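Q: Please take a close look at the sheet in this structure. How are the strands arranged, and what packs on them?

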Amino acid sequence: MMNYRISRRAASLAPSLTLAIDSKAKQMKAEGQDVIGFGAGEPDFDTPQHIKEAAIKAINEGFTKYTPSSGIPELRQAVADKFKRDNGLTYKPSQIIVSCGGKHSCYNVILATCQEGDEVIIPAPYWLSYPEMVKLAAATPVILQTSDKTEFKVTSEQLRKAITPNIRLFILNSPSNPTGSLYTRDEIKALGDICVEKGVLIMSDEIYEKLVYDGATHTSVATFSQAHYDHTIIVHGLAKAYSMTGWRLGYLAAPEPIAKAIDAIQSHSTSNPTSFAQKGAVAALNGPQDHLTAWLGEYSHRRGYAHKKLNSIPGITCVNAKGAFYLFPNISGTGLKSSDFCAKLLEQQKVAAVPGIAFGADDYMRISYATSMANIEKGLDRIEKFVKTL
């Protein structure tokens with residue numbers, strides 16, 4: 001009988017709960033059940049038309065073959081132009097790697113910079129794939145716990161205490177998935193200063209950069225000085241700001257030696273991102289950006305309603321998000337931990353939310369407001385009804 005031995009690295013991984021819950025909700029809907037899904041981390045708006053037309057044009061013109069493994073020159077230049085235009089950062093196209101999604105960019109960075117014996121600092125609540133990626137690189141995640149009392153932001157004191165000679169990388173995600181928290185300019189600089197002082201690399205996940213509210217602004221840690229720039233790898237993508245989740249296109253900007261290493265890794269793992277999708281990405285970055293005004297207005301309206309409603313439910317408290325499209329309410333007052341809460345909520349009220357334990361915070365759950373106001377109103381009414389039965 002064949003022994004199908006699974007590697008220790010693969011066996012150590014936890015499956016993605018966000019994808020699992022979204023899949024289950026879609027299956028229940030397909031069976032005819034009236035399910036409200038708060039689990040998906042993707043915009044409910046369509047990809048802007050000019051982006052779709054650019055990809056269709058590329059297909060019709062036969063642009064369907066292999067490209068350079070790290071992206072077509074036109075797109076790498078468009079990404080470099082975006083960083084100059086939006087962030088005041090100067091990167092050569094050779095420092096830009098286009099990948100098969102923002103998640104792929106994160107994995108490439110960790111794989112290129114971390115190895116056995118290295119440790120990676122990850123503030124919690126964290127995007128659930130970060131620790132698993134670190135494990136796949138044979139490195140060790142070091143979790144720094146935060147709470148709603150600090151708007152889920154790690155302090156410079158916490159970071160300084162956590163840095164040991166084994167720390168190779170600090171993962172910074174602002175605006176944050178799952179909390180929607182946004183670090184201020186001064187907070188970003190303080191964290192960056194410590195990493196520069198200690199010689200720790202920063203992976204700055206900035207994919208929600210464009211989704212900020214109430215006049216807040218996003219700051220990239222690479223902008224403060226040449227030293228900050230040299231210590232930072234920015235990971236980014238098209239999924240959130242352009243509703244291109246299924247296109248699987250991400251990108252990163254890195255110091256030249258790291259970009260070269262990632263190029264080599266990608267050449268042996270995925271080869272190039274999809275050819276015609278890259279043409280759509282060029283249109284996204286170089287074309288009109290006016291769709292964002294309408295999207296942000298709608299997200300802000302939904303966020304305001306959901307935040308107020310959640311705080312009106314006994315046993316639930318919720319700090320407001322400053323960015324992204326998530327709220328991360330504290331459910332500890334209900335007496336249930338997140339897995340039980342979300343399982344019973346789905347079973348009894350047909351509402352799918354992601355338990356906070358997936359993000360390293362078992363007293364919380366994640367609610368995505370990247371869905372219609374009608375769904376938000378109906379879903380939150382059901383959550384209120386559910387909590388009242390506890």
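A: The answer below follows the sheet from strand order to packing. This is a predicted model, in which local features need pLDDT of at least 70, side-chain atom pairs count only at pLDDT 80 or more, and totals for chains, interfaces and linings use all residues. Residues are numbered from 1 along each chain as its sequence is written, and side-chain values use heavy atoms, with hydrogens and water left out.

Seven strands form an open sheet in the order β2-β8-β7-β6-β5-β3-β4. Strands (E, at least two residues) and helices (H or I, at least four residues) are DSSP runs, numbered from the N terminus. Pairing, for which DSSP must find at least two bridges between two strands, is mixed in this sheet. At the edges lie β2 (96-99) and β4 (140-145), each of which pairs on one side only. On average, neighbouring strands are turned by 20° against each other, direction ignored; the axes behind such angles are lines fitted to C-alpha atoms, for helices over the stretch in contact, and angles run from 0 to 180 degrees between N-to-C directions.

One pair can be followed in detail. Strand β3 (residues 119-124) and strand β5 (residues 167-173) run parallel and are joined by three bridges. Within this pair, Ile121 stands opposite Phe170 in β5.

The helix α5 packs on the sheet. Its contacts (heavy atoms within 4.5 Å) reach β2, β5, β6 (201-205), β7 and β8 (250-253). The direction of α5 makes about 160° with that of β7.
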